[in-house]
Amino acid sequence: MRPDSWNLPLFLHILGATVLFGTVATVAIAGFASRNHAGYEQLLARVAGRTFLFGVIPSFILMRAGAQWIVGKEFPGDAKTPGWIDVGFIVSEPGALLLLITGILIWVSARRGRLMLAVPVLAGIYVVALGVAWVAMSGKP
Amino acid sequence: MNTYQWLLVFHVTGAFLLLGGGAIAAALNLSALGRERPSEILLLYGLIRVAVVAITAGTLLAFVFGLWLVHEAPFNYSYGDGWVIAAFVLLIVANALGGAGGKRDQATVNLARELVASGDAPSPELRARVHDPVSLALSYGSGLVLIAILALMIWKPGA
């Protein structure tokens with residue numbers, strides 16, 4: 001059983017992570033759908049752009065801030081973190097770079113009026129990476 | 001990993017699909033609110049089906065593995081614990097609200113389909129259906145109940 005003081009950061013971390021999963025998946029869905037729906041590319045590029053701006057970025061911040069908060073409580077100071085936490089950091093930090101590239105590509109795509117194929121592909125990769133992270137975080141192997 | 005850890009993985013996977021599916025539905029629904037052309041609304045509502053699949057799979061996983069976890073967890077949890085009963089009731093409430101909202105959305109999809117077939121011109125009736133406060137309250141209310149379930153799972157009051 002964990003101490004009560006860990007509950008709020010854990011709640012914010014999981015809430016952020018689940019919304020991040022859903023919003024990144026939305027970007028992937030919009031991106032793949034734009035390949036099959038001629039005439040709606042601009043609409044779907046706008047959906048991806050707004051979802052990224054108002055969904056992906058805030059939920060990433062919530063997920064990451066919640067993670068830092070609870071790690072600080074669970075492993076204070078220089079305490080060594082276990083492998084399952086390291087998996088989370090591996091997904092969140094290079095993942096942030098992946099999301100940054102995805103965001104730039106969405107912005108470029110929106111100006112062109114059509115989402116590049118790289119957008120849903122990168123978003124899909126990030127969704128899979130989040131899956132790896134939640135398996136590691138929940139199973140704690 | 002032992003049985004308890006595996007059960008937790010599947011339960012948490014269910015939670016991710018459930019809440020993530022809700023986020024997908026919300027993002028697409030919010031996008032539809034700003035559209036006028038029936039074909040655009042039809043496309044966005046059509047994509048929400050992906051969210052419905054995730055929500056359905058997530059509900060099943062979270063429920064089945066959640067019940068199993070109560071039995072398997074090494075913390076003396078019981079099916080009679082208040083937080084377990086409350087989570088079960090709230091899951092039913094969330095599904096009832098989401099299901100009722102989904103039925104009203106299906107009527108919106110049917111109207112949009114008819115309008116697409118007859119020239120794809122914007123319609124005040126379709127606009128009113130997309131912005132219907134009852135449908136929105138049902139769907140977003142369902143999402144809020146899911147967040148309440150997450151809080152219940154974390155705090156486990158009385159455990």
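# Two helical chains, A and B

From the N terminus on, chain A runs α-α-α-α. That is four helices and zero strands. Before I go further, please keep in mind that this is a predicted model.

I will stay with chain A for a while and then move to chain B. Chain A has 141 residues, and 52% of them count as buried. Taken along the principal axes, its C-alpha trace spans about 55 × 25 × 20 Å.

Let me start with helix α1 of chain A, residues 7–36. This helix has 30 residues. From its first C-alpha to its last it reaches 44 Å, close to the 44 Å expected at 1.5 Å a residue. How many residues of α1(A) are buried? The count is 23 of the 30, so α1(A) is largely enclosed by the rest of the structure.

After α1 comes a loop, and after the loop comes α2 of chain A. A:Ala38 sits in that loop. Is A:Ala38 buried or exposed? Its relative accessible area is 66%, and the cut-off for exposed is over 50%, so A:Ala38 is exposed. If you look for A:Ala38 on the screen, find A:Arg114 as well. The two are 76 residues apart in sequence, yet from C-alpha to C-alpha they are 9.9 Å apart in space.

Now α2 of chain A, which covers residues 41–74. It has 34 residues and reaches 46 Å between its first and last C-alpha, close to the 50 Å expected at 1.5 Å a residue. Where is the kink in α2(A) centred? It is centred on A:Phe52, and the bend there is about 40 degrees.

Next, how these helices sit against each other. In general, two packed helices are described by the angle between their axes and the distance between the axes. For α1(A) and α2(A), the angle is about 160 degrees and the axes are 7 Å apart. Angles over 145 degrees count as roughly antiparallel, and α1(A) and α2(A) are therefore roughly antiparallel to each other. The crossing of α1(A) past α2(A) is left-handed. As for what makes up this contact, its residues are 23 nonpolar, nine polar and two charged.

That is chain A. On to chain B.

Chain B has five helices and zero strands. Read from the N terminus, its elements run α-α-α-α-α. There are 159 residues in chain B, of which 47% count as buried. Its C-alpha atoms fill a box of roughly 60 × 30 × 20 Å along the principal axes.

The pair I want to show here is α3 and α5. In chain B, α3 covers residues 82–117 and α5 covers residues 133–155. Their axes come within 8 Å and cross at roughly 160 degrees. Which way do α3(B) and α5(B) run relative to each other, roughly parallel or roughly antiparallel? With that angle, α3(B) and α5(B) are roughly antiparallel. This crossing is left-handed. The residues in the contact of α3(B) with α5(B) divide into 17 nonpolar, six polar and two charged.

One residue to pick out in α3 of chain B is B:Leu91. B:Leu91 has a relative accessibility of 12%, so it counts as buried. Look also at B:Leu146. B:Leu91 and B:Leu146 are 55 residues apart along the chain, and 7.2 Å separates their C-alpha atoms.

I will end with two residues in chain B and their backbone angles. The first is B:Asp120, found in the loop between α3 and α4 of chain B, where α4 is residues 124–130. What is phi of B:Asp120? It is near 60 degrees, a positive value in a residue other than glycine. B:Asp120 has 16% relative accessibility, and since buried means under 20%, B:Asp120 counts as buried.

The other is B:Lys156, in the segment after α5 of chain B. Phi of B:Lys156 is near 45 degrees, again positive in a residue other than glycine. Is B:Lys156 buried or exposed? Its relative accessible area is 18%, so B:Lys156 is buried.

To recap the two pairs: α1(A) with α2(A) is roughly antiparallel, and α3(B) with α5(B) is roughly antiparallel. That is what I have for today.

Methods
Residues are numbered from 1 along each chain as its sequence is written. Chains are lettered from A and ligands numbered from 1 in the order in which they are written. This is a predicted model: local features need pLDDT of at least 70, side-chain atom pairs count only at pLDDT 80 or more; totals for chains, interfaces and linings use all residues. Side-chain values use heavy atoms; hydrogens and water are left out. Axes are lines fitted to C-alpha atoms, for helices over the stretch in contact, and angles run from 0 to 180 degrees between N-to-C directions. Angles under 35 degrees count as roughly parallel, over 145 as roughly antiparallel, 65 to 115 as roughly perpendicular and the rest as oblique. A crossing is left-handed if the near helix is turned anticlockwise from the far one by less than a right angle, and right-handed if clockwise. Ala, Val, Leu, Ile, Met, Phe, Trp, Tyr, Cys and Pro count as nonpolar, Asp, Glu, Lys and Arg as charged, and the others, Gly among them, as polar. The expected span of a helix is 1.5 Å times one less than its number of residues. The bend at a residue is the angle between axes fitted to the seven residues ending there and the seven starting there. Buried means under 20% relative accessible area, exposed over 50%, partly exposed in between (1.4 Å probe, protein chains only).
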